[in-house]
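Q: Please take a close look at one helix and what packs around it. Then follow the contacts outward, as far as they help to place that helix in the chain.

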Amino acid sequence: MASIVMEGVYYRYRGQAGWALEDVNLRLPWGRILVTGSTGSGKTTLLRVASGAARVYGGEVRGRISLGGRPVLVPQNFDAFILMPTPRMELVYVMENLGLDPGEIDARLHTISRALGIEGLLDRRIASLSAGERQRVAIASALATSPDILMLDEPLAYVDPQSISRVLDAVTMLGVKAVIVAEHRLHSLRGWPSHLVYMEEGRIRYTGPPRDVEGLPLSIAIQLMDPGDAARVAEARGCLG
Ligand SMILES: Nc1ncnc2c1ncn2[C@@H]1O[C@H](COP(=O)(O)OP(=O)(O)OP(=O)(O)O)[C@@H](O)[C@H]1O
Ligand SMILES: [Mg+2]
């Protein structure tokens with residue numbers, strides 16, 4: 001079973017003439033999925049449509065979307081995702097809404113905050129935290145809903161690559177079965193994805209293993225390779241002289 005299947009999916013934002021997603025056919029496996037493409041290629045829209053978050057934009061969706069589990073999307077502007085004044089109140093609020101009992105809430109609060117390294121921040125005011133700290137709180141809040149599929153839109157926008165790779169490791173440990181990251185900063189995620197999606201102008205141009213240098217544009221493939229391999233491939237394709 002795939003994590004997400006999209007068949008002939010089109011999406012257009014309300015009031016827009018053109019499609020932001022066009023004829024998207026995707027079968028995403030479980031695992032670590034990187035969605036990339038240049039600015040405006042449709043990465044954010046793909047996550048919004050796949051997670052159901054596009055509903056708030058009131059646009060038009062066509063085609064078939066099926067999910068193999070429960071998704072949650074942490075948007076690029078993650079501040080909008082955090083509703084409560086402190087991290088502890090945020091996580092407790094999310095879990096109370098799910099109907100968990102107090103013992104369970106306490107145990108999960110501890111596990112999630114330790115995994116994300118926010119134990120020391122639990123009673124701080126959200127407004128007093130740094131952007132990177134607030135991002136970890138937003139991801140913790142998403143994890144508190146026990147998603148099967150966690151989507152992160154541009155997680156590298158505000159934090160350094162080491163922090164995000166610790167977060168990504170923690171997320172996998174916490175039982176999320178598919179992590180889908182939309183990013184164009186590929187160097188920092190080299191070695192991370194088990195599956196890659198490359199978009200151009202609202203269409204899927206490539207979906208498959210991240211190391212398929214034949215199917216991917218060279219500029220993308222090279223960023224995902226070890227520097228030694230990248231130099232050899234570039235040379236083989238006549239790019240280095
Ligand atoms: N809320 C919106 N209303 C109308 N059009 C939108 C909206 N959000 C995105 N678009 C349009 O949809 C297209 C795809 O945008 P999207 O934000 O999905 O790209 P992206 O690949 O995530 O880009 P970036 O790397 O800059 O985040 C663009 O043409 C964009 O202008
Ligand atoms: Mg985007």
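**Helix α2 and its surroundings**

A: The cover over the buried residues of α2 includes two helices, α3 (102–115) and α4 (131–143). This is a predicted model. α2 itself spans residues 87–97, and its buried residues are Pro87, Glu90, Leu91, Val92, Val94 and Met95. Just past the end of α2, glycine 99 adopts a positive phi of about 80°.

Turn to α4, one of the helices in that cover. α4 is mostly covered, with 11 of its 13 residues buried. The buried stretch consists of Glu133, Arg134, Gln135, Arg136, Val137, Ala138, Ile139, Ala140, Ser141, Ala142 and Leu143. From first to last C-alpha, α4 reaches 18 Å, close to the 18 Å expected at 1.5 Å a residue. Its buried residues are covered by elements that include two strands, β5 (71–74) and β6 (149–153). Helices α2, α3 and α5 (161–173) also belong to that cover. So the packing runs both ways: α4 helps cover α2, and α2 helps cover α4.

Next comes the core. The largest nonpolar core holds 66 residues. Those touching the most other members are Val35, Ala140, Leu150, Met151, Val179 and Ile180. α4 gives the most to this core, with 6 residues. The core draws at least three residues from each of domain 1 (1–69 + 190–241) and domain 2 (77–176).

Methionine 151 merits a closer look. Beyond its neighbours within four places in sequence, methionine 151 contacts Leu47, Ser51, Pro71, Val72, Leu73, Val74 and Ile180.

Now the domains. Their centres, taken over C-alpha atoms, are 26 Å apart. In the contact between them, 8 residues of domain 1 meet 5 residues of domain 2. On the domain 1 side, α1 gives the most, with 3 residues. That side divides into 4 nonpolar and 4 polar residues, with no charged ones.

Helix α1 (residues 43–51) also figures at the ligand. It supplies the largest share of the shell around ligand 1, 3 residues. In total, 13 residues surround ligand 1, and the closest are Tyr13, Ala20, Thr39, Thr44 and Thr45. The shell is made up of 9 polar, 3 nonpolar and 1 charged residue.

Key:
Residues numbered from 1 in each chain as written. Chains lettered and ligands numbered in written order. Predicted model: local features only at pLDDT ≥ 70, side-chain atom pairs only at ≥ 80, totals over all residues. Buried ≥ 20, exposed ≤ 12 C-beta atoms within 10 Å, placed from the backbone. Helix = DSSP H or I, 4+ residues; strand = E, 2+ residues; numbered from the N terminus. Contact = placed C-beta atoms within 7 Å. Near = placed C-beta within 6 Å. Nonpolar A, V, L, I, M, F, W, Y, C, P; charged D, E, K, R; others polar. Core = buried A, V, L, I, M, F, W, Y, C linked by C-beta atoms within 7 Å. Domains from an automatic or database assignment. Expected span 1.5 Å × (residues − 1).
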